[in-house]
Amino acid sequence: MSEEKTFPAIPPAVSTGIACETKKDSFLQRVMDGFAEFCRARSLFILHYCTGCGAIELPPAITSRFDLERLGVSPMVTPRQADILLITGYVSIKTLKRIILTYEQMQGPKYVIGICSCTVNGGMYWNSYATAKQLNEYLPVDMYIAGCMPRPEAVQEGLKQLREKIESGEANSWEDYFKRYDHYLGNQQHLFGDDWHTPTDVIGEARHYDLLGDESLGEHTVRLEKYLQHHQELGLTNVELEPENKELMER
Amino acid sequence: MSKEIKAVRLDEVLGEMEGAVMQRKRPGRIRVDIEADALPTLLQLLKGRAGYLHLSSISCVDWPEDEEFELVYHVWSYETGVLVSAHTRISKQSARYISVYDLYVPAGFFERDIYEMYGLYFEGSPHMEKFILTEWNGPPPMLKSFDTEEFVRDTFDWKEYNPDWLQEIVAKGGGIVE
């Protein structure tokens with residue numbers, strides 16, 4: 001990294017009229033936020049990305065034996081409607097790409113739970129060439145549930161703790177992905193090669209959420225520049241919108 | 001055709017193949033060691049005249065000291081219930097062999113897999129592109145010369161984990177066995 005931060009080679013954002021308002025720190029706002037977090041913590045949809053053996057503990061956890069729906073947790077089939085990405089077991093490098101694609105499609109606030117020892121440190125696949133070792137190098141992980149495999153009680157306990165974290169407003173690691181995108185992208189590029197990019201315009205989203213930090217842009221995000229044109233053609237970025245779209249947004 | 005006749009046919013076929021060394025491991029299990037250039041003929045005879053219709057698998061062994069690959073063709077007869085394993089050695093220098101796809105169609109998958117995992121190319125096999133490791137650019141990972149542990153050390157970082165209870169055990173002389 002150079003001394004002066006000359007990185008932001010990506011052009012400045014054009015106002016779309018749909019940017020998030022900055023929070024006004026009024027009493028009513030705090031009450032509303034607290035209420036929203038209370039509700040959010042009691043209605044969680046999990047997208048279970050069943051990569052490995054830990055997936056076998058989820059059917060009993062979700063169905064009548066342990067019945068996670070008592071906690072307001074229920075499975076969801078699409079990433080865009082899910083709140084929690086549950087990664088159950090070892091993550092091969094090939095799978096990790098799909099996990100990142102899935103994760104980036106989810107809408108904030110989103111939480112990642114790594115189940116099983118393999119997501120923590122590679123587990124029994126510690127010396128395998130094909131599996132990624134630490135999930136939190138590539139994605140911000142809210143919580144690990146260790147074990148090989150953890151019993152449904154442990155999954156339940158983990159989800160209860162996540163609920164408490166959400167309620168107290170501590171489960172903010174999804175913001176970390178935007179704030180330190182360069183770090184995560186760097187680790188991803190280390191594994192997948194310098195050409196790695198996703199169809200999601202993470203930097204644009206970071207701008208939208210007003211989460212663009214000092215470490216969002218850097219030497220790794222510069223490599224994404226050549227794909228920006230493609231994003232613009234597909235209308236996947238808010239960096240520069242087509243005039244007719246802009247009118248639509250302003251309406 | 002009765003079982004007996006089939007069994008006789010197998011002996012005939014193996015008798016006809018010069019240089020084939022046959023060992024009966026136990027009833028229903030026969031090992032044949034054969035030269036690489038004669039192996040397709042053996043398979044053809046086994047399939048055509050002795051009823052070995054099913055190619056269960058092709059396995060590959062890397063022998064680093066001999067600089068050779070060993071290929072094992074497992075063929076199975078439904079009628080006699082006998083599994084014949086045909087072993088042959090291929091030099092690592094050439095690392096090329098001939099496909100048996102025209103005899104056994106499933107061989108296409110096994111050959112593709114072996115090419116990916118060992119780098120042994122099969123001429124005449126229909127699909128020799130990447131199979132499972134579509135996003136892998138390193139050397140064939142099943143080769144003995146590929147040091148997985150070294151690759152892992154170079155590629156990944158470790159999370160430090162040294163809790164108090166582990167330190168106590170280490171202080172007593174126990175702990176993780178290297």
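Of the contacts in chain A between residues at least 6 apart in sequence, what share join residues at least 24 apart? The figure is 81%, where a contact means two C-beta atoms, placed from the backbone, within 7 Å.

Before you start clicking: this is a predicted model, in which local features need pLDDT of at least 70 and side-chain atom pairs count only at pLDDT 80 or more, while totals for chains, interfaces and linings use all residues. Residues are numbered from 1 along each chain as its sequence is written, and chains are lettered from A and ligands numbered from 1 in the order in which they are written.

**Stop 1: chain A as a whole**

Select chain A and switch to cartoon. You should find 10 helices and seven strands; these are DSSP runs numbered from the N terminus, with helices (H or I) of at least four residues and strands (E) of at least two. Of its 251 residues, 35% count as buried. Here a residue is buried if 20 or more other C-beta atoms, placed from the backbone, lie within 10 Å of its own, exposed if 12 or fewer do, and partly exposed in between.

Now color chain A by domain: domain 1 covers 24-171 and domain 2 covers 180-251, with bounds from an automatic or database domain assignment. Their centres, taken over C-alpha atoms, are separated by 25 Å. Where the two touch, domain 1 of chain A gives 11 residues and domain 2 of chain A gives nine. On the domain 1 side, helix H3 (residues 93-105) of chain A provides the largest share, six residues. That side divides into six nonpolar, two polar and three charged residues. For these classes, Ala, Val, Leu, Ile, Met, Phe, Trp, Tyr, Cys and Pro are nonpolar, Asp, Glu, Lys and Arg are charged, and the others, Gly among them, are polar.

**Stop 2: helix H5 of chain A**

Select residues 152-167 of chain A. At 1.5 Å a residue, the 16 residues of H5(A) should span 22 Å, and the end C-alpha atoms are 22 Å apart, which agrees; the expected span is 1.5 Å times one less than the number of residues.

Show side chains next. Val155(A), Gly158(A), Leu159(A), Leu162(A) and Ile166(A) are the buried residues to look for in H5(A). They cover an arc of only 95 degrees around the axis, so they sit on the same side of H5(A); the arc is that of the directions from the helix axis to the C-beta atoms. Turn to the other side of H5(A) and you meet Glu153(A) and Glu164(A), both exposed. Covering the buried residues of H5(A) are, among others, helix H1 (27-41), helix H2 (58-62) and strand E2 (73-75) of chain A.

Step just past the helix to Gly169(A), which takes a positive phi of about 75 degrees. For contrast, select H1(A): among its 15 residues, the count of buried ones is one.

**Stop 3: backbone curiosities in chain A**

Most residues other than glycine have a negative phi, and most peptide bonds are trans. Where are the cis bonds here? One joins Gly108(A) and Pro109(A), with omega about -5 degrees; Pro109(A) is in the loop between H3 and E5 of chain A. Another runs from Cys148(A) to Met149(A), with omega near -5 degrees, and Met149(A) is in the loop between E7 and H5 of chain A.

Then pick Asp67(A), which has a positive phi of about 50 degrees although it is not a glycine. Asp67(A) lies in the loop between H2 and E2 of chain A.

**Stop 4: over to chain B**

Select the contact between the chains: chain B gives 11 residues and chain A gives nine. The chain B side has six nonpolar, one polar and four charged residues.

Move to strand E4 (residues 68-76) of chain B. Phe69(B), Leu71(B), Tyr73(B) and Val75(B) point to one face and are buried, while residues including Glu70(B) and His74(B) point to the other and are not. Nine bridges join strand E3 (residues 54-63) of chain B to E4(B), running antiparallel; strands pair if DSSP finds at least two bridges between them. Ile58(B) has Tyr73(B) as its bridge partner in E4(B). In the turn of this hairpin, Glu67(B) has a positive phi of about 55 degrees. Nine bridges also join E4(B) to strand E5 (residues 83-91) of chain B, again antiparallel.

Finish at Val84(B) in strand E5 of chain B. With 23 C-beta neighbours inside 10 Å, Val84(B) counts as buried, and among the residues it touches are Ile30(B), Leu46(B) and Val75(B).

Definitions and conventions
Lists of a residue's contacts leave out its neighbours within four places in sequence.
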